Amino acid sequence: MSGCTQTDKPCIAILMAVYDPNPVWFRQQLESLNRQSYPNLRLYVRDDCSPKTPFSEIQAAVSECVTAFPAVVRQNEVNLGSNRTFEALTAEAEGDRFAYCDQDDIWLPEKLSIMEEDMERTGAVMVCCDVSVIDGEGQKKADSITGVRRHAAHPSGTDLAPRLLFRNFVFGCASLMDAAQAKASLPFCPYYFHDHYLALWSAAHGLLYSEPKALIQYRIHGANQTGVMLGVKDKESYAACRIRNVIDQLTWLDQHFDCDDSLKQVIRDGLCWSKARLVNWQTGKEKKTVWRYRYLEPPVALFELVAAGMPNWMVMTVVRMLRKNVI
């Protein structure tokens, strides 16, 4: 693959993981990349062994839609899942910045230009932006992610790692990250989505800056991998998705994550808290410990202290209200 365009601008590598993409949405995404105003780009695409979409069709779509900058398309030897595919892309890509990309959104032409300016101006390890929301037909549903997720936040700062342990506010497709820091983060934690892990790493190693403009049309179509209370179907699955998975996350971080002593202590406090949450959810015991560490994520602590004693139907009523952006 040829290198980036000859320019004094940093090279931005766009990293896209693909799995059975909707052909219309996929081409719309690729065409929006091709329209980027930023002058120094390259694209890396990895197909995660799509079972229904021939690799030749993915190659053809990239070749036909991306003509303004170099692109390379590869296929995993076996299905790895999205996290490990993005991990492979991060390991192989060359560039100064990495822009992570989904297969079904639409980027505004100025997206990367604005975010690179933000990174240069602030010295941030990662820049993330707001997104507008479209449906499967491309109809706008909200001007900001807050239109469908009222508790979504867009903070900036150097002290965001503790809150990112438990709640992610960064969409991978809406992020731009320093490439050296992205490579330093390898291997990814297997228990976080890649964007959550990379946001946490960025916040633990410098400034994370949130651009207030919505620079992506983010497509919510019912098959997205992330969402409110993803995978929660009843109280048992809540324990698996929302508590046991956090225990796995924090255990991995305690053993492998490179961070300062203050964050390491928050990780260990969080692990103690999460183990107590599981006992409380299953038996109603350990309430004092859940309450003691409530500062880590107050809404979660309060919900679980109350909901642990609720019948399943009542808990799922609250979950549905959260999904519908009612509460």
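1. A good place to start is the charged cluster: in this predicted model, R97, E116, E120 and D178 are joined in a network of salt bridges. Across the whole structure there are 13 salt bridges, and a few of them deserve a look on your screen.

2. Within that network, take E120 and R97, whose closest N and O atoms are 2.9 Å apart in a salt bridge. E120 belongs to helix 4 (residues 111–122) and R97 to strand 4 (residues 97–101), so the pair ties together parts that are 23 residues apart in sequence. Is R97 buried or exposed? With a relative accessible area of 12%, R97 is buried, because that value falls under the 20% cut-off.

3. Helix 4 also holds a salt bridge of its own, between R121 and D118, at 3.1 Å from N to O. These two residues sit 3 residues apart in helix 4, about one turn of the helix. In an α-helix there are 3.6 residues a turn, so residues three or four places apart point the same way. Still, the two partners have contrasting surroundings: R121 is exposed, at 53% relative accessibility, whereas D118 is buried, with a relative accessible area of 3%.

4. For a long-range link in the chain, please look at R167 and E297, which form a salt bridge with an N to O distance of 2.6 Å. The pair links distant parts of the chain, 130 residues apart: R167 is in the loop between helix 5 (161–164) and strand 8 (175–178), and E297 is in the loop between helix 10 (287–292) and helix 11 (298–307). R167 is partly exposed, at 39% relative accessibility, while E297 is buried, at 8%.

5. Now to helix 12 (residues 312–323). How far apart should the ends of its 12 residues lie? At 1.5 Å a residue, helix 12 should span 16 Å, and the 17 Å between its end C-alpha atoms agrees with that.

6. Which residues of helix 12 are buried? V315, M316, V318 and V319 are buried there. These residues cover an arc of only 155° around the axis, which puts them on the same side of helix 12. Among the elements that cover the buried residues of helix 12 are helix 8 (235–256), helix 9 (261–283) and helix 11.

7. One last detail to check in the backbone: N325, which follows helix 12, has a positive phi, near 65°.

Technical notes
Residues numbered from 1 in each chain as written. Predicted model: local features only at pLDDT ≥ 70, side-chain atom pairs only at ≥ 80, totals over all residues. Heavy atoms only, no water. Salt bridge = Lys/Arg side-chain N within 4 Å of Asp/Glu carboxyl O. Helix = DSSP H or I, 4+ residues; strand = E, 2+ residues; numbered from the N terminus. Buried < 20%, exposed > 50% of the residue type's maximum accessible area, 1.4 Å probe, protein only. Expected span 1.5 Å × (residues − 1). Arc of directions from axis to C-beta. Contact = heavy atoms within 4.5 Å.
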